[in-house]
Number of protein chains: 2
Amino acid sequence: MSQPSHALLEPRKSPVQARSAASVEAILEATVQVLLSVGKDRLTTTRVALRAGVSVGTLYQYFPNKSALLQAALKRHLTAVASAVEHVCREQEGQKLQPMVTALITAFLQAKMQNVKTSVALYAVSSDLDAAKIVQQIGSRSTKAIVQMLTTSPEPLTADPQLIAFMLQGLMTGVSRKLLESPAPEKHFDAVRRELISMACAYLHACSSR
Amino acid sequence: MSQPSHALLEPRKSPVQARSAASVEAILEATVQVLLSVGKDRLTTTRVALRAGVSVGTLYQYFPNKSALLQAALKRHLTAVASAVEHVCREQEGQKLQPMVTALITAFLQAKMQNVKTSVALYAVSSDLDAAKIVQQIGSRSTKAIVQMLTTSPEPLTADPQLIAFMLQGLMTGVSRKLLESPAPEKHFDAVRRELISMACAYLHACSSR
DNA sequence: TCATTAGATGAAGAAAGCTTCAGATTAGGA
DNA sequence: TCCTAATCTGAAGCTTTCTTCATCTAATGA
């Protein structure tokens with residue numbers, strides 16, 4: 001009688017004992033693994049539970065349905081990336097533009113490459129109707145942070161910071177996605193990072209002297 | 001006895017009479033509409049057939065299964081975009097870098113915005129295991145065209161053209177996707193296009209004088 | 001006109017997956 | 001130690017969806 005079920009996608013139960021927290025963790029981890037090995041279409045709750053080493057019943061104790069499970073996994077990953085971005089942005093406030101974007105891009109890429117497989121696996125989830133909202137929602141956290149950072153730079157910007165942040169995000173997500181989905185992401189990581197920084201710097205330079 | 005079914009995803013039958021060609025067209029169109037209205041997860045072959053104004057049986061006369069249907073719809077759209085890109089690239093051979101990318105970006109965006117809804121709807125399909133292969137396959141057509149175009153410019157490039165093409169594609173797809181998934185794509189279309197060109201030009205400028 | 005081929009239909013078989021729930025097991029505290 | 005609450009289990013019901021195929025209708029050409 002604690003909560004009327006107004007939010008159908010929230011966890012049904014919060015872990016109290018240590019073992020249940022471990023179950024939730026295992027389930028989320030297994031979700032990514034299954035996603036990666038068989039794809040979203042052939043992902044079944046039973047399969048996830050099996051891989052997690054628990055029974056389906058346990059899974060449904062913490063996630064009201066399959067969709068919620070996928071969204072939870074996605075949210076977890078996106079939040080990690082957004083936090084990383086917010087962190088550098090705060091750190092770089094007041095700096096000049098070039099070091100700013102260099103730090104931003106480095107941090108973003110690192111967060112994505114931290115667990116390449118997770119990132120790739122979750123692309124399949126992210127384009128789903130409801131999931132897209134989550135992506136935008138959490139993505140806007142990054143936008144805000146970037147805008148805030150940009151406005152603290154001593155170098156004046158001629159274009160709308162909001163627009164610049166939009167472009168930078170588009171650039172980073174687009175390029176990193178292409179990289180992650182390429183045959184050997186690690187191999188070209190450094191070269192791509194360099195180019196990414198080079199492009200962003202060139203762009204910002206143009207923005208601050210137009 | 002015409003063809004042994006070696007390719008499970010190819011159409012079962014090729015339209016001979018006009019009405020069947022119309023059916024195929026209607027089915028493909030309906031696929032996108034259903035995708036858009038209820039999302040990939042709730043897309044059923046029956047629903048698509050209903051929307052197309054044909055029976056399920058007819059659908060299965062031309063597509064061996066649901067997956068093939070989705071892939072066909074995706075392929076159709078990607079091919080159109082790739083063709084547009086190839087076309088401008090050929091057209092711009094020998095030009096200077098700046099007009100090149102300006103034309104490239106303009107053509108790419110136009111192809112995507114031609115039918116905004118189709119593009120958005122198909123994002124949900126594109127991230128699926130098998131579909132990802134198609135995306136890469138057709139995407140590489142564009143890469144080749146861009147590389148080819150770049151190498152014909154009189155301005156010398158210091159970086160690997162392959163890498164530059166990669167970056168440009170990442171930039172264009174990333175930004176256009178963000179735009180398409182935003183609340184009002186048309187509204188910011190022009191501003192984004194300008195920035196896109198600005199960024200690409202700044203980048204290429206850096207590439208040709210480093 | 002009529003035979004033959006192309007195309008369309010949709011009820012129904014079969015499979016697959018989601019989700020539940022009644023009962024078993026484990027942990028924590030009195 | 002023993003009771004209570006937390007957690008786990010997995011067989012099975014229920015629903016949904018895919019896909020087939022026997023049959024009907026429309027077009028083509030001789």
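In this predicted model, helix α4 (residues 66-91) of chain B packs with helix α7 (residues 129-151) of chain B, their axes coming within 9 Å and crossing at roughly 5°. Angles under 35 degrees count as roughly parallel. α4(B) and α7(B) are therefore roughly parallel to each other.

Residues of α4(B) in this contact include L74(B), L78(B), A82(B) and V85(B). From α7(B) come, among them, I134(B), V135(B), I138(B) and M149(B). Charged residues take part too, including K75(B) and E86(B) of α4(B) and D130(B) and R141(B) of α7(B).

Next, the two protein chains. In chain A, 30 residues are in contact with 30 residues of chain B. Four helices of chain A each supply at least two residues of the side that touches chain B: α6 (116-126), α7 (129-151), α8 (161-181) and α9 (185-207). The largest share is that of α8(A), with 12 residues.

Then the DNA. Around DNA strand D there are 24 residues. V16(A), S55(A), G57(A), T44(B) and N65(B) come nearest. Both chains give elements with two or more residues here: α1 (18-38) and α3 (56-62) of chain A, and α2 (45-52) and α3 (56-62) of chain B. The largest share of this surface, 4 residues, comes from α3(A).

The table sets out the three surfaces by residue class.

| Surface | Nonpolar | Polar | Charged |
|---|---|---|---|
| Contact of α4(B) with α7(B) | 12 residues | 5 residues | 4 residues |
| Side of chain A that touches chain B | 14 residues | 9 residues | 7 residues |
| Surface near DNA strand D | 6 residues | 13 residues | 5 residues |

Methods
Residues numbered from 1 in each chain as written. Chains lettered and ligands numbered in written order. Predicted model: local features only at pLDDT ≥ 70, side-chain atom pairs only at ≥ 80, totals over all residues. Contact = placed C-beta atoms within 7 Å. Near = placed C-beta within 6 Å. Axes fitted to C-alpha atoms, helices over the stretch in contact; angles between N-to-C directions. Parallel < 35°, antiparallel > 145°, perpendicular 65-115°, else oblique.
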